[in-house]
Amino acid sequence: MLGLWNLGGPATPLILLVLWLGITTLIFTALGPGIGTLLSLAFPWHIGSATLAAGELWPGTRELGLVLIPAMLCGLCSRQRAWQASTFFGVAAISACTWWAWDPFNANEYLEVDLDTPPAITTRGQELALIERLPNNSTVWLGENIVSLKDRAALSRWCGYAAQLQSELFVGALERNNRSAIRRFDPNDCRANVVYERLFGLPGVSGGSGIGAGQLEDVTIGGRSIRWLICFEAFLPAAWKDMAIQPEAVVVIVTNDRWTHPVPVDVARRKVALSMARLWAVAPVLAETGRSTVEHAQPVDHHRSYPKLSQNDKLM
């Protein structure tokens, strides 16, 4: 439902929601929730899969957790009380063991800094207002579709911003093929490379639809692998699985949630991300448009004015 909301004209969301819910209901009614959930994994755009909660039950189990959810639903929905009881106690035992053995990986040095970018009349004005709030000598991740490649001078400007801040910038870009991507702006040698292009695009959503390129360039910061998810990819078990996430990787979820308000998609995305991160034993951080996620790995110029950080700004 969340992925199909607000896709176009007044009738479009309602029609798509009815079709999506109707087809899903028919499949689950005919085959049962266990088989239906298993089939939802084969459909990469299905964002309503019960496997999104796998990390709550079995953290760190990775692919095994994706299989355990359908198996659990089959057992619990059986008409035989013995199967139901066995499944219940089995789930409890496996869950207790995995939580006892799970060693959570927290990327505490990554902070979500609320920038609250002031409005501006022009794109250039919006960029300058944002840059004024970014730190020097750091690594900064910014949200989705901040740079539009329809503006031919945009890449040159952002190369200049990186040099001005002496910071490495990873910025969400709307490419000329209308796909969302992540571009890397290095302060010393700015090639503005695409490091990630959105792999799974929902039909009708700005940022492209269908199958994209995925990871194009490996990014490592402080010895940790950086992986990316853009927008609704955070709701897709297939997207998490396709990244073949390395243990102790940092998954950066790049979004622009302004267009979904007042629907609280950002709240749902955070809950799903935390669950999936537990399943894959990785650390999630979110970079929304108008917010930055900053790694203070190098000295920061404290003479500039920055938003004050509180304990609530830390994700983990």
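**Exercise 1. Work out how helices H5 and H6 are arranged.**

Step 1. Take the axes of H5 (residues 123-131) and H6 (residues 154-165): they come within 12 Å and cross at roughly 20°. Helices here are DSSP runs of at least four residues, strands of at least two. Axes are lines fitted to C-alpha atoms, for helices over the stretch in contact, with angles from 0 to 180 degrees between N-to-C directions.

Step 2. Classify the angle. Under 35 degrees counts as roughly parallel, over 145 as roughly antiparallel, 65 to 115 as roughly perpendicular, and the rest as oblique. H5 and H6 are therefore roughly parallel to each other.

Step 3. Add the hand: the crossing of H5 and H6 is right-handed. That label applies if the near helix is turned clockwise from the far one by less than a right angle.

The model is predicted: local features need pLDDT of at least 70, side-chain atom pairs count only at pLDDT 80 or more, and totals for chains, interfaces and linings use all residues. Residues are numbered from 1 along each chain as its sequence is written, and side-chain values use heavy atoms, without hydrogens and water.

**Exercise 2. Find the residues that join H5 to H6.**

Step 1. Contact means heavy atoms within 4.5 Å. On the H5 side, look for Thr123, Arg124, Glu127, Leu128, Leu130 and Ile131. They meet Arg157, Trp158, Tyr161, Gln164 and Leu165 in H6.

Step 2. Sort the residues of this contact: six are nonpolar, two polar and three charged.

Step 3. Now list the buried residues of H5 (under 20% relative accessible area, 1.4 Å probe, protein chains only): Glu127, Ala129, Leu130 and Ile131. Their cover includes strand E2 (139-142) and H6.

**Exercise 3. Describe the setting of Glu197.**

Step 1. Locate Glu197: it is in strand E6 (residues 193-197).

Step 2. Check its exposure. Glu197 has a relative accessible area of 14%, so it is buried.

Step 3. Follow its side chain. It reaches the backbone nitrogen of Ala213 at 3.2 Å.

**Exercise 4. Show that Leu199 meets a residue distant in sequence.**

Step 1. Leu199 lies in the loop between E6 and strand E7 (200-201). Its relative accessible area is 9%, so Leu199 is buried.

Step 2. Compare Leu199 with Gly212. They are 13 residues apart in sequence, yet 4.0 Å apart in space, C-alpha to C-alpha.

Step 3. Leaving aside neighbours within four places in sequence, the contacts of Leu199 include Gly212, Glu233 and Asp242.

Notes:
Ala, Val, Leu, Ile, Met, Phe, Trp, Tyr, Cys and Pro count as nonpolar, Asp, Glu, Lys and Arg as charged, and the others, Gly among them, as polar. Buried means under 20% relative accessible area, exposed over 50%, partly exposed in between (1.4 Å probe, protein chains only). A polar contact is a pair of N or O atoms within 3.5 Å; within protein, one must be able to donate a hydrogen and the other to accept it, and residues adjacent in sequence count only if both atoms are side-chain atoms.
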